[in-house]
Amino acid sequence: MTKYKKFSITLQEFDFLRAYIDIASPEFGNAYQSALKAGYSKYYARVIRRHYQPWRMKLLKKALRDDD
């Protein structure tokens, strides 16, 4: 039995996270610009970091690292 639970993310979430944590991306570290690049509306992009709980962000970063 694995210690990791399986979870799914949308392509939009994946695009947001890739832009947010990719050092080569012009949107690196900027949640608002990363969300806009991923296709979220400008209204949602303003609050996107509040919607990602720390545990979920950690799982998404791990998924990005694993699925490179």
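The side chains of Lys-37 and Glu-27 meet in a salt bridge, with 3.6 Å from N to O; the term denotes a side-chain nitrogen of Lys or Arg within 4 Å of a carboxyl oxygen of Asp or Glu. Lys-37 belongs to helix 2 (residues 31-38) and Glu-27 to the loop between helix 1 (11-21) and helix 2, so the pair ties together parts that are ten residues apart in sequence. Helices here are DSSP runs (H or I, at least four residues), numbered from the N terminus. The structure holds one salt bridge. Its two partners sit in contrasting surroundings: Lys-37 is exposed, with a relative accessible area of 56%, whereas Glu-27 is buried, at 14%. Buried stands for under 20% relative accessible area, exposed for over 50%, and partly exposed for values in between (1.4 Å probe, protein chains only).

A word on the model helps before going further. This is a predicted model, in which local features need pLDDT of at least 70 and side-chain atom pairs count only at pLDDT 80 or more, while totals for chains, interfaces and linings use all residues. Residues are numbered from 1 along each chain as its sequence is written, and side-chain values use heavy atoms, with hydrogens and water left out.

Turning to the interior, the largest nonpolar core has eight residues in all: Phe-16, Tyr-20, Ala-31, Ala-35, Ala-38, Tyr-40, Ala-45 and Ile-48. Such a core is a set of buried Ala, Val, Leu, Ile, Met, Phe, Trp, Tyr and Cys residues joined through side-chain atoms within 4.5 Å. Helix 1 and helix 2 each supply at least two residues of this core, and helix 2 gives the most, with three residues.

Aromatic rings come next. A search of the whole structure finds three aromatic pairs; rings of Phe, Tyr and Trp (its six-membered ring) pair if their centres lie within 6.5 Å, and planes under 30 degrees apart count as stacked, over 60 as edge-to-face and the rest as tilted. Phe-16 and Tyr-20 form a stacked pair, 5.7 Å centre to centre with 20 degrees between the planes. Both residues lie in helix 1, four residues apart, about one turn of the helix. Phe-16 counts as buried at 1% relative accessibility, and Tyr-20 is buried as well, at 14%. Phe-16 also pairs edge-to-face with Tyr-40, at 6.4 Å centre to centre and 85 degrees between the planes. This second pair links distant parts of the chain, since Phe-16 is in helix 1 and Tyr-40 in the loop between helix 2 and helix 3 (42-45), 24 residues apart. Ring pairs join Phe-16, Tyr-20, Tyr-40 and Tyr-44 into a cluster.

Helix 2 has a buried side of its own. Ala-31, Ser-34, Ala-35 and Ala-38 are buried in this helix. They cover an arc of only 100 degrees around the axis, which puts them on the same side of helix 2; the arc is that of the directions from the helix axis to the C-beta atoms. The buried residues of helix 2 pack against helix 1, helix 3 and helix 4 (48-51), where contact means heavy atoms within 4.5 Å.

The ends of helix 2 complete the picture. At the N-terminal end, Asn-30 acts as a cap, with a side-chain oxygen 3.1 Å from the backbone nitrogen of Tyr-32. Just after helix 2, Gly-39 takes a positive phi of about 100 degrees.

Definitions and conventions
Polar contact = N/O pair within 3.5 Å; in protein donor to acceptor, adjacent residues only side chain to side chain.
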